[in-house]
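Let's take a look at the empty space inside this protein. Where is space left between the atoms, and what surrounds it?

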Amino acid sequence: MRSSCDSSPPADRAPPGDGAVTSAFTPDAHFRLLVESVEDYAIFLLDAQGNVGTWNNGARRIKGYEAHEIIGRHFSAFYPPEDIAARKPQKELDTAARAGRVEDEGWRVRKDGSRFWANVVVTALRDAKGELIGFAKVTRDMTDRLRLAELQHARDLSAHVQAALEDERTSIARELHDDLGQQLASLKMQIAALDAERVGAGFARHSLRDTQGIQAQIDTVIASVRRIAAGLRPPVLDDLGLFAAIEWLVSDFRRRYGLAVTLDISGDEVGFGPDASMSVFRLVQEALTNVVRHADASKVRIAIRCAKDRYTLTIQDDGRGANLAGPRAANAFGLLGMGERVRQLGGVIAFQSSPGEGFRISVDLPLNGLG
Ligand SMILES: Nc1ncnc2c1ncn2[C@@H]1O[C@H](COP(=O)(O)OP(=O)(O)OP(=O)(O)O)[C@@H](O)[C@H]1O
Ligand SMILES: [Mg+2]
């Protein structure tokens with residue numbers, strides 16, 4: 001019995017007894033067939049003036065011309081007008097003729113006028129006497145790679161902006177708490193000291209009503225500063241960790257908006273590093289903000305579960321839902337930001353909703369991406 005690693009030829013394809021090779025293998029014809037059938041590269045010949053002489057399947061697929069439509073035409077047909085105006089096609093041939101070969105990356109034009117990002121190699125062909133007889137041109141469509149690189153760049157930028165935003169929020173929260181908060185507290189103490197002096201100097205208590213009003217107002221401002229600072233960077237997240245911060249967030253939404261939120265957490269949070277904690281916190285915060293802004297829901301349920309090597313998080317409301325198949329509003333970034341945060345943690349996010357059916361966000365996070 002033959003194993004998959006056995007390299008001996010099968011009996012029905014063994015060479016004849018004396019070992020003579022009877023195949024009709026003709027290298028030139030086979031080579032031409034090979035070139036013609038290649039799909040991923042446009043491979044063709046130009047004459048010394050740059051007119052197309054041959055055409056393979058890849059060229060037809062990438063550039064959109066049938067062989068009879070392009071053979072005999074000058075290869076500058078593949079270049080955008082600005083390159084033709086700059087005489088780029090001729091310069092490439094001149095360089096290839098001089099140096100033997102030229103490689104280039106840039107936009108090229110298909111038959112239908114659309115552009116693609118091409119990697120192009122032009123090689124000069126010379127006869128035995130060294131006379132230039134034409135060029136071989138190999139073109140590869142790199143548009144997908146370019147788009148992928150652009151996407152990666154946009155994602156890196158977005159991660160950078162998000163991190164910068166968190167830093168900025170942290171420093172504003174610190175300034176508000178440490179600077180403005182302290183100054184207000186000191187102002188309040190000074191007014192209290194002034195009151196004590198005035199009482200000592202024999203002022204009647206009822207004449208202090210104004211300053212007591214000011215003290216009460218300062219208390220309100222201090223509470224506002226604390227609330228704003230906590231919203232920017234909840235101290236509980238740094239002090240007590242992610243799950244405690246989500247509990248604080250949920251009770252804040254219950255209190256401020258009367259939202260009926262149930263929170264169901266199972267497992268522990270050992271796996272979450274500071275960045276992952278902040279990302280998950282922001283995700284829940286955006287989801288609850290969306291419920292308040294868009295859902296008109298009577299109930300919201302948040303569940304966080306820890307399985308062996310992953311966390312799942314679901315946030316589900318029973319509100320009016322949304323048509324997710326419709327176009328995204330140009331100024332809506334919340335769901336997009338959630339997706340980015342989850343992607344940076346190596347996880348997967350899904351949104352499920354339809355009008356009248358509530359809104360559900362499901363997140364799956366691998367434990368090893370959260371440190
Ligand atoms: N819980 C929800 N219930 C109903 N519709 C929702 C819910 N969450 C989001 N949506 C819909 O999805 C859209 C996109 O949400 P997203 O958070 O991305 O943007 P936004 O809240 O409109 O703006 P922002 O950029 O300030 O977050 C919303 O405009 C809303 O129509
Ligand atoms: Mg939103």
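In what follows, Ala, Val, Leu, Ile, Met, Phe, Trp, Tyr, Cys and Pro count as nonpolar, Asp, Glu, Lys and Arg as charged, and the others, Gly among them, as polar. This is a predicted model, in which local features need pLDDT of at least 70, side-chain atom pairs count only at pLDDT 80 or more, and totals for chains, interfaces and linings use all residues. Residues are numbered from 1 along each chain as its sequence is written, chains are lettered from A and ligands numbered from 1 in the order in which they are written, and side-chain values use heavy atoms, with hydrogens and water left out.

On a 1 Å grid over the protein atoms alone, a cavity is a set of points where a 1.4 Å probe fits but cannot get out; a pocket is an open set with protein on both sides within 12 Å along at least five of seven lines, and lining residues have an atom within 4 Å of a point.

| Space | Volume | Nonpolar lining residues | Polar lining residues | Charged lining residues |
|---|---|---|---|---|
| Largest pocket | about 1,100 Å³ | 20 nonpolar | 14 polar | 8 charged |
| Largest cavity | about 30 Å³ | 6 nonpolar | no polar | no charged |

Of the 42 residues lining the largest pocket, Glu 286, Asn 290, Phe 333, Gly 334 and Leu 335 are the closest to its centre. The helix α10 gives the largest share of this lining, 11 residues (helices are DSSP runs of H or I, at least four residues, and strands of E, at least two, numbered from the N terminus).

As for the largest cavity, its lining consists of Phe 272, Val 280, Ile 304, Tyr 311, Leu 313 and Leu 365.

Notes:
Points joined across faces, edges and corners; volume = space filled by probe spheres on them.
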